[in-house]
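Subject: Handover of a structure and its findings

Dear colleague,

Please find below the structure that I am handing over to you. I would be grateful if you could read the notes with the structure open beside them.

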Amino acid sequence: MGRKFLVALGGAVLALSLAACSGEGAGGGGDTGGEKPGDLTIGVSMPTQTSERWIADGNAVKQKLEAKGYKVDLQYAGDDIPTQSQQVDQMITQGADVLVIAAIDGTALSGQLQAAADAKIPVIAYDRLIRGSKNVDFYVSFDNFKVGVAQATALLVGLGLQNKDGSKGTATGPFNVELFAGSLDDNNTQYFFGGAMETLKPFVDAGTLRVKSRQTAIEQVAILRWQQETAQKRMEDLLTSSYNDGALVNGVLSPYDGISRGIITALQNAGYGAAGKKMPVVTGQDAEIASIKLINDGVQSSTVFKDTRLLADQAVNAAEAFLQDKQPQANDSQTYNNGVKVVPAYLLPIATVYKDDIKATLIDSGYWTAEEVAAGQAKG
C-alpha cells in the first residue's frame with residue numbers, strides 16, 4: 001500500500017542476514033555466513049502486478065540483490081492464493097536460502113512456512129504480517145496503527161475540525177463522512193482501521209461526524225484485494241443508497257491511494273468537483289504518483305507517505321549485523337502477535353503529505369521529480 005521499492009530490498013537483505021545469524025539457509029545446509037553471494041538464492045514472493053508499488057518492489061529486490069551478487073527468484077502471484085502457495089513451494093524445493101514473502105492472504109501460507117522451517121530457510125514477512133505460524137522470523141514494515149491515526153487526522157484537518165499542529169479547528173460540522181478499509185485478508189487492514197477509528201470515535205460520538213450510510217464495521221467497509229474498481233463500485237452504491245435525498249458527502253476515509261482514486265472517480269461521475277458540489281476530503285496512503293498529481297491539483301486531499309528508502313537503510317544495517325554473526329535490534333518486540341507468536345519487527349515512521357508538503361517531502365528528497373508530479377506518471 002507508490003515507490004515502496006526498497007522495502008522489499010530491506011526485507012530481502014534482512015532475510016539473508018537472518019539466515020547467516022541463525023545458522024540456517026542454503027536449503028538447510030547450515031551457516032551461510034562464509035558463503036559467497038553468488039552461491040545464495042533469495043526467493044521473493046510478491047502478491048500482484050496490478051499495482052505499481054508491487055511491481056516496483058519486485059524489480060528493486062531483484063536488481064539490488066543481483067547487483068550485490070545474489071541470485072534472486074522473483075515471482076508474482078497474480079492476486080491468486082493457490083498460485084502464491086505453489087510458487088513458495090517451488091522456491092523451497094529449489095533450495096532457496098531465504099524467503100521474503102508479501103502475502104496475499106496473511107493466513108494462507110502455514111504449510112509453506114512449516115516446509116521452510118523444516119528446510120531451515122528463514123522467512124521474512126514483508127510489509128504484511130503472516131499470521132497463524134510460528135515460522136515467521138522477522139517482520140519489516142511501518143507503524144501501521146499510526147498510519148490509521150494519520151489518515152483519520154488528515155480527514156479532520158481537511159474538514160477544518162483540526163489544524164495540522166493538533167489544535168482545534170474553526171469548523172463545527174456536522175459533516176457527512178463515509179469509511180473505507182483495506183482487504184480483510186491483509187493483517188495491516190486491522191491496524192489501519194483501528195488507528196483511524198480510535199481517532200474519529202470522539203467526533204462520531206459527538207455527532208460532529210455522521211456516517212450517513214451507517215456502515216461503520218470493518219466487515220462492511222473493507223475492499224477485497226484493495227481493488228480500485230471495487231472501491232469505485234462501493235462508493236457508487238453509497239451515493240445511490242444513502243445520498244439520494246440531496247445530502248452531500250463531505251469526507252471519505254480511504255486507506256490507500258488506489259482505493260482513493262476509485263472513490264474519486266465515483267464522486268466525479270456523480271458531479272462532485274463541479275459547481276455547487278465540492279469534492280469531499282479524501283485521504284490515502286503510499287504517495288503513488290497518480291494520487292500525488294491529484295493532491296497537487298486539489299482533487300485528493302492527502303496521502304500517508306512511507307519512505308521506503310529509510311527502511312532500506314535500516315535493513316542494510318541489520319543485514320550487515322547478521323552477516324557478521326551479530327544480532328540487530330528490533331525496535332518493536334511486542335506489537336505484532338501473529339496469533340502464535342510475537343514476531344520481532346523493525347518499524348519506521350510515516351508522514352502525512354498535503355499539497356503544500358509535496359515539494360519539501362517528496363520532490364526535494366528525490367522521491368518524485370517535479371516533472372513526474374506534473375504528469376502524474378513515473379518516468380520508469
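The notes that follow describe the sheets, two residues and the helix packing.

Please bear in mind throughout that this is a predicted model.

**The six-stranded sheet**

One sheet is open and consists of six strands in the order β2-β1-β3-β4-β5-β11, paired in parallel. Its edges are formed by β2 (71-76) and β11 (345-348), each of which pairs on one side only. On average, and with direction ignored, neighbouring strands of this sheet are turned by 15° against each other.

Strand β1, residues 41-46, is mostly covered, with five of its six residues buried. β1 runs parallel to β2, and six bridges join the two; in this pairing Met46 stands opposite Tyr76 of β2. β1 also pairs in the parallel sense with strand β3 (residues 98-101), here over four bridges, and Gly43 stands opposite Leu99 in β3.

Further along the sheet, strand β4 (residues 123-126) pairs with strand β5 (residues 138-142) in the parallel sense over three bridges. Ile124 is the residue that stands opposite Phe138 in β5. β5 is in turn joined to β11 by four bridges, and these two strands run parallel. Ser141 has Leu347 in β11 as its bridge partner.

In a regular strand, side chains alternate between the two faces of the sheet. In β11, Ala345 and Leu347 point one way, whereas Tyr346 and Leu348 point the other way, and all are buried.

**Two residues in and beside this sheet**

The first is Val72, which is found in strand β2. Is Val72 buried or exposed? Its relative accessible area is 12%, and residues under 20% count as buried, so Val72 is buried. The C-alpha atoms of Val72 and Gly38 are separated by 9.9 Å, the two residues being 34 apart along the chain.

The second is Asn135, located in the loop between β4 and β5. Asn135 has a relative accessibility of 12% and therefore counts as buried. Its side chain makes a polar contact, at 3.1 Å, with the side chain of Gln114. When neighbours within four places in sequence are left aside, Asn135 is in contact with Leu113, Gln114, Ala117 and Val123.

**The four-stranded sheet**

Another open sheet is formed by four strands in the order β7-β6-β8-β9, again with parallel pairing. The edge strands are β7 (209-210) and β9 (281-282), and each pairs on one side only. Strand β8 (residues 251-253) runs parallel to β9, and two bridges join them. The bridge partner of Val252 in β9 is Val282.

**Helix packing**

Three helix pairs may be of use to you.

Helix α3 (residues 81-93) packs with helix α4 (residues 110-118) at an angle of about 5°, and their axes are 10 Å apart. Because angles under 35 degrees count as roughly parallel, α3 is roughly parallel to α4. Ser85, Val88, Asp89 and Ile92 in α3 meet Gln112, Ala115 and Ala116 in α4.

Helix α5 (residues 144-159) and helix α6 (residues 187-205) pack with their axes 7 Å apart, at an angle of about 40°. That angle makes α5 oblique to α6, and the crossing of α5 and α6 is right-handed. Among the residues of α5 that take part are Asn144, Phe145, Val147 and Gly148, and those of α6 include Asn188, Tyr191, Phe192 and Gly194.

Helix α9 (residues 257-269) and helix α10 (residues 289-296) have axes 9 Å apart and pack at an angle of about 55°. α9 is thereby oblique to α10, and α9 passes α10 in a left-handed crossing. Which residues make the contact between α9 and α10? Asp257, Arg261 and Ile264 of α9 make the contact, together with Ala290, Ser291 and Leu294 of α10.

Yours sincerely

Technical notes: Residues numbered from 1 in each chain as written. Predicted model: local features only at pLDDT ≥ 70, side-chain atom pairs only at ≥ 80, totals over all residues. Heavy atoms only, no water. Pairing = 2+ DSSP bridges. Axes fitted to C-alpha atoms, helices over the stretch in contact; angles between N-to-C directions. Buried < 20%, exposed > 50% of the residue type's maximum accessible area, 1.4 Å probe, protein only. Polar contact = N/O pair within 3.5 Å; in protein donor to acceptor, adjacent residues only side chain to side chain. Contact = heavy atoms within 4.5 Å. Parallel < 35°, antiparallel > 145°, perpendicular 65-115°, else oblique. Left-handed = near helix turned anticlockwise from the far one by under 90°.
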